[in-house]
Amino acid sequence: MGKGRIKTIRKSSSKLRFLDIVADGFKIQVMSSFGRSGVERVDFDNAHAKLKKGDIISITGLPGRTKAGEVSIYATELPKPLSPCLHVPPLELEDVEKRFQSRHVDLMVNPLPVHVLKARSFIINWMRTFFLQREFVEVSTPILAELSGGAAAKPFETASKVFGSDKKMQMRIAPELWLKRLVVGGLHRVFEIGPNFRNENADATHNPEFYSCEFYEAFTDIEGLKRTTTEMLVNLFNDFEKARPQQFPNIEAFSSREQTVKVKAPFREIDFIGGIEEAIGCELPILDEPDAAQQLLEIIDENDLERPVNCTLPGILDYLASEYLEPECIQPTFVTNIPACLSPLSKTSRRESDGQLVAHRAELYVAGKELANLYEEENSPFEQRRKFIEQNKFRLVAAMEAGEDLPIEILEEAEQVLPEMPVDESYIGALEWGLPPTGGWGMGLDRLVMLLCNVQRIGDVMAFGGLRGTVLAGRGLNKRVEEEDEVEVVDKAQDRLE
């Protein structure tokens, strides 16, 4: 017995009907003939006359192949209606907004989104198994707290009846600070897979609600994190490609894609400062010197580049990386030795080779997009407080440089400057109890699924297409046919079920 939704109905002759039914992303043909049905001709005709495209039915029959060689079900009984569809499903649905606003119709009409969501489940469960097999403990950390932290982003604010409307609460932007508290407490291998919320604009690779995986392991360093990351992704990509033909064949094979990403060890590495120096043909100033930002702006002017909107030191360095480093990272590439001012939660040290103050941190880029962040965690409460304060000073510098013509609020709205972030004294208090040397790692799972499934919009890998899709859900395609009133529609549905 098979069950599914009717995709097409074809009448081959007065005694033969062909139905295509779909379920779980796969399609199969049903051949229903009067001779095999065992009923009177009028019953055969009436049963098929009531069937409409989009209806959900049950079929009893035997598997076989048609003369054309297509695998089919040869029905031995009449199709049994299970649930009618009160609309006429469109032949195609390509408009992005309509697809996300009526995701159920999108999944019904287009086979690829179904396979992408199945691939997402495969990827998340694969990663969970990867950590559990290495004796990590999976945990769930708070979504709501007085302060969010662990990343540079503007949080969503809300309130709770527990404390009253006067006390603002924030939705988490990352689980990092909570996970490190658990390491302090003695859970030396922890990970979490779950949602985060950032009050930012949406584009092809960003959505205000997104999924991430973060893990923290005591007594490992940046080299250990790079080894774990490489092993994980090489094995994931191999297992995904093995599973793809059977489980989600509508996803394009790696070998046939226009931009082929080859995930194999070892991954390439680029030194952040050295890579920029090589690209522009001159040395960068010592980046923690007071006039470093001004010297960098002079270098930008000499290279005929447009100045960034945010001309603080972190803003300039982010801009240079986006211009010179990220486009070079098509194949998996670790960008290493990131300047200390860009890494307030990472341990730092001064390099003997050039005197630069760098973080024990790396970012993994694939196909020109950041995929993972790797840290040796700052475990000194005194250094961590200093770094939090220094981070907020850059916001004040941006405000002073922008002046009255470009208020800091406009820069913040345009995501050209970090939002105001109070020093998290609660977290610093936890560090005072002693965080062992710890390696931390975070990856955006939506971007990982985009990469493996070869889709270009983050909404395509989310069940309901991101924030715009959920807020505008049901617009347009869910309206009943205007010439039929509600009573007529209900009556017709009841007749077809009976």
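Biologist: In the protein chain, what share of the contacts with a separation of 6 or more comes from residues 24 or more positions apart?

Modeller: Keep in mind that we're looking at a predicted model. A contact here is a pair with heavy atoms within 4.5 Å. Among contacts in the protein chain with a separation of 6 or more, the part from residues 24 or more positions apart is 67%.

Biologist: How many helices and strands are there in the protein chain?

Modeller: Let's set the scene with the box first: the C-alpha atoms fill roughly 90 × 50 × 50 Å, taken along the principal axes. As for the elements inside the protein chain, the tally is 16 helices and 20 strands.

Biologist: What percentage of the residues of the protein chain count as buried?

Modeller: A residue needs under 20% relative accessible area to be called buried. The protein chain has 498 residues, and the buried part is 47%.

Biologist: And what does the protein chain expose, and what part of that do carbon and sulfur atoms supply?

Modeller: The exposed area of the protein chain comes to about 25,300 Å². Carbon and sulfur atoms supply 52%.

Biologist: On to charges: how far apart are the mean positions of the positive and negative charges?

Modeller: The protein chain carries 59 positive and 80 negative charges. Take the mean position of each set, and the two points are apart by 11 Å.

Biologist: Glu 176 forms a salt bridge with Lys 180, but are these two residues buried or exposed?

Modeller: Their closest N and O atoms are 2.9 Å apart, and both residues sit in helix α6 (residues 176-185), 4 residues apart, about one turn of the helix. Glu 176 has 4% relative accessibility and Lys 180 has 1%. Because buried means under 20%, Glu 176 and Lys 180 are both buried.

Biologist: Which class does the pair Arg 386 and Glu 390 fall into, going by relative accessibility?

Modeller: Those side chains meet in a salt bridge at 3.9 Å, N to O, with both residues in helix α11 (residues 381-402), 4 residues apart. Arg 386 comes in at 37% and Glu 390 at 33%. Since the class in between runs from 20% to 50%, Arg 386 and Glu 390 each count as partly exposed.

Biologist: Which residues do salt bridges that share partners join into one network?

Modeller: The structure holds 31 salt bridges, including Lys 80 with Glu 77, whose closest N and O atoms are 2.7 Å apart. The network you're after is made of Arg 99, Arg 103, Asp 106, Arg 457 and Asp 460.

Biologist: Why can Asp 291 belong to a negative surface patch?

Modeller: Asp 291 is found in the loop between α8 (272-280) and α9 (292-302). A patch residue needs over 30% relative accessible area and no salt bridge. Asp 291 can join Glu 289, Glu 298 and Glu 302 in the patch because it clears that area cut-off, with a relative accessible area of 40%.

Biologist: Last one: which residues does Pro 195 touch, not counting those up to four places away in sequence?

Modeller: Pro 195 lies in strand β12 (residues 189-197) and is partly exposed at 21% relative accessibility. Phe 215 is 20 residues from Pro 195 in sequence and 14 Å away in space, C-alpha to C-alpha. The residues Pro 195 touches are Ile 143, Arg 172, Glu 209, Phe 210 and Tyr 211.

Notes: Residues are numbered from 1 along each chain as its sequence is written. This is a predicted model: local features need pLDDT of at least 70, side-chain atom pairs count only at pLDDT 80 or more; totals for chains, interfaces and linings use all residues. Side-chain values use heavy atoms; hydrogens and water are left out. Patches are made of residues with over 30% relative accessible area and no salt bridge: like charges are joined within 9 Å, nonpolar side chains (Val, Leu, Ile, Met, Phe, Trp, Tyr) within 5 Å. Accessible areas come from the Shrake-Rupley method with a 1.4 Å probe; for residues, only the protein chains shown count as cover. A salt bridge is a side-chain nitrogen of Lys or Arg within 4 Å of a carboxyl oxygen of Asp or Glu. Lys and Arg count as positive and Asp and Glu as negative; His and the chain ends are not counted. The place of a charge is taken as NZ of Lys, CZ of Arg, CG of Asp or CD of Glu. Helices (H or I, at least four residues) and strands (E, at least two) are DSSP runs, numbered from the N terminus. Buried means under 20% relative accessible area, exposed over 50%, partly exposed in between (1.4 Å probe, protein chains only).
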